[in-house]
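Here is a short briefing on one protein chain. Keep the sequence and the 3D view open as you read.

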Amino acid sequence: VQLQAYGGGFVQPGGSLRLSCAAYGSIVIINDMGWYRQAPGQQRELVAGMTYGGSITYASSSSMKGRFLVSRDNAKNTVYLQMNNLKPEDKAVYYCHARVVTTRLYECDYWGQGTPVTVSS
């Protein structure tokens, strides 16, 4: 199973970006799919995750509340992160995560390669 993320880049404060991440391989079902981020010198933290059935978990951090929206397309094994009103403190590498049941009926965690987001004027 591989995760391919894209959509990161450079944006000015107040701007928006949409990240996408598609999973490929021997997949039966993706139970959880979502995004984490890691800022320079910081630990990786949850941004948002979504179950196959549509339940969403957002980071408890108030800094992202109301600005980030996660969604997924189960048919395409793809998860999205719409980021609005971006701030310089949102600068980080964003990692896609998926908890996958493979065709061997193992449940495993997979990570994408990370896509950098820079917010600066």
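The points below cover a pocket, salt bridges, a surface patch and some backbone details.

This is a predicted model. By the rule used here, there are 4 salt bridges. The largest pocket holds about 180 Å³ of space.

**The largest pocket**

- How many residues line the largest pocket? The lining has 16 residues.
- Asp32, Tyr36, Leu46, Gly49 and His97 lie nearest the centre of this pocket.
- Four strands each give two or more residues to the lining: strand 4 (27–38), strand 5 (45–51), strand 6 (56–58) and strand 9 (92–102).
- By type, the lining residues split into 8 nonpolar, 6 polar and 2 charged.

**Salt bridges around Arg37**

- Arg37 and Glu45 join their side chains in a salt bridge, at 2.8 Å from N to O.
- Arg37 also forms a salt bridge with Asp90, at 3.0 Å from N to O.
- This second pair ties together distant parts of the chain. Asp90 sits in the loop between strand 8 and strand 9, while Arg37 is in strand 4, and 53 residues separate them.
- Is Arg37 buried or exposed? Arg37 counts as buried because its relative accessibility is 6%, and buried means under 20%.
- Asp90 is buried too, like Arg37.
- Glu45 has 32% relative accessibility, so Glu45 counts as partly exposed.
- Which residues make up the salt-bridge network? Arg37, Glu45, Arg67 and Asp90 are linked in it.

**The salt bridge between Asp109 and Arg99**

- The side chains of Asp109 and Arg99 form a salt bridge, at 2.7 Å from N to O.
- Asp109 belongs to strand 10 and Arg99 to strand 9, and the two are 10 residues apart.
- Asp109 is partly exposed because its relative accessibility is 40%.
- Arg99 is also partly exposed, since its relative accessibility is 31%.

**A nonpolar surface patch**

- Ile56, Tyr58 and Leu69 make a nonpolar patch on the surface, of about 260 Å².
- Ile56 is in strand 6.
- Why does Ile56 count as partly exposed? Its relative accessibility is 37%, and partly exposed covers the range between 20% and 50%.

**Backbone details in two loops**

- Asn77 is not a glycine, yet it has a positive phi of about 50°.
- Where is Asn77? Look in the loop between strand 7 (68–73) and strand 8 (78–83).
- Asn77 counts as partly exposed, because its relative accessibility is 21%.
- Leu105 has a positive phi as well, of about 65°, and is not a glycine.
- Leu105 lies in the loop between strand 9 and strand 10 (107–111).
- Leu105 is exposed, because its relative accessible area is 66%. The cut-off for exposed is over 50%.

**Trp111 and Arg44**

- Trp111 is part of strand 10.
- Trp111 has a relative accessible area of 37%, so this residue is partly exposed.
- How many residues apart in sequence are Trp111 and Arg44? They are 67 residues apart along the sequence, and 12 Å apart in space from C-alpha to C-alpha.

Notes. Residues are numbered from 1 along each chain as its sequence is written. This is a predicted model: local features need pLDDT of at least 70, side-chain atom pairs count only at pLDDT 80 or more; totals for chains, interfaces and linings use all residues. Side-chain values use heavy atoms; hydrogens and water are left out. On a 1 Å grid over the protein atoms alone, a cavity is a set of points where a 1.4 Å probe fits but cannot get out, and a pocket is an open set with protein on both sides within 12 Å along at least five of seven lines; lining residues have an atom within 4 Å of a point. Grid points are joined across faces, edges and corners, and a volume is the space filled by probe spheres set on the points. Ala, Val, Leu, Ile, Met, Phe, Trp, Tyr, Cys and Pro count as nonpolar, Asp, Glu, Lys and Arg as charged, and the others, Gly among them, as polar. Patches are made of residues with over 30% relative accessible area and no salt bridge: like charges are joined within 9 Å, nonpolar side chains (Val, Leu, Ile, Met, Phe, Trp, Tyr) within 5 Å. Accessible areas come from the Shrake-Rupley method with a 1.4 Å probe; for residues, only the protein chains shown count as cover. Buried means under 20% relative accessible area, exposed over 50%, partly exposed in between (1.4 Å probe, protein chains only).
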